[in-house]
Amino acid sequence: MDEVRASWKVSIRRACSALKVGRSLYTYKSRRGDQADLKTRIQEITRTRVRYGYRRVHVLLRREGWAVNPKRIYRLYKEMDLQLRNKVPKRRVKAKLRDDRTVATHVNQIWAMDFVHDQLATGRKLRILTVVDTFSRFSPAIDPRFSYRGEDVVRALERICGEVGYPKAIRVDQGSEFISRDLDLWAYQKDVVLDFSRPGKPTDNAFIESFNGKFRAECLNTHWFMSLDDAKAKMEAWRRDYNEVRPHSAIGHKTPIELMKRSEGSPPA
């Protein structure tokens, strides 16, 4: 309606008449509040009852005296992205169960992790573990090896976390190393949530996909690697440049190391 009025430069009455819409419908203002208290209570229930859908949440709310119907709970449940994920790896204790993804607001809140494939000049294959902090875009490690297992990922993470601290959550795909028992046990012991992307949905882990694209274009495609040590040296040089020199448009053309140092000076609330 507002677009029609702006384009035709006509009054509300004429716009409503032309579009066959009642003026009362256009001027209607909902009397319903934002239902902040109800939303808060729904979130409290879903945090402690992690496998409850909206129907069981509705039953608990009715027991507590809330005069609400299932349709309203369903609408709010979807609005807050609390739907349960049905395709998470089986028997993974630290797998994130709900779709309520939030944007990171401080360093070490959410990391993203993935593998990139390349090869030496001799043709021998390389698997490269890449990790990035989604808030600062800081990459704490790029670790190339000839092969990777779940226990190798754990050892790499222990080394990384010993240097920069532990994250609250790590976004990963459903590769065999990431759904391994070793990584799940490590995450359980360190209280780290493993946020698995959906199969065939790389956009669920867009931060690491973007990072990997830059890594391939600016490093892998511009070098020959003569040995594993040579690959490590060249990738580490690129990582340092990425963290300390390269401007990033997503963070106001700053460098990731600037945000890291700023966060160290003023820890998150």
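I count two strands as paired if DSSP finds at least two bridges between them. The model I am looking at is predicted.

Entry 1, a strand pair. I looked up β1 and β2 with that criterion in mind. Residues 110–119 make up β1 and residues 125–133 make up β2; the two run antiparallel and share nine bridges. Within this pair I asked which residue of β2 stands opposite Met-113. I find Val-131 there.

Entry 2, the sheet. I then followed the strands outward from that pair. The sheet is open, has five strands and reads β3-β2-β1-β4-β5, with mixed pairing. Why is one side of β3 and of β5 left without a neighbour in the sheet? Both strands, β3 at 141–145 and β5 at 193–196, stand at the edges and have a single partner strand each, so one side of each stays unpaired in the sheet. I also noted the turn between neighbouring strands, which averages 25° with direction ignored.

Entry 3, the helix on the sheet. I checked what α9, residues 206–218, touches. This helix packs on the sheet and is in contact with β1, β2, β3 and β4, the last of these being residues 169–172. The direction of α9 makes about 35° with that of β1.

Entry 4, the whole chain. I list 11 helices and five strands. Of the 269 residues, 41% are buried. Taking contacts with a separation of 6 or more, I find that 56% join residues 24 or more positions apart. For the surface I have about 16100 Å² exposed by the chain, with 50% of it supplied by carbon and sulfur atoms.

Definitions and conventions
Residues numbered from 1 in each chain as written. Predicted model: local features only at pLDDT ≥ 70, side-chain atom pairs only at ≥ 80, totals over all residues. Heavy atoms only, no water. Helix = DSSP H or I, 4+ residues; strand = E, 2+ residues; numbered from the N terminus. Axes fitted to C-alpha atoms, helices over the stretch in contact; angles between N-to-C directions. Contact = heavy atoms within 4.5 Å. Buried < 20%, exposed > 50% of the residue type's maximum accessible area, 1.4 Å probe, protein only. Areas by Shrake-Rupley, 256 points an atom, 1.4 Å probe, with all protein chains shown as cover.
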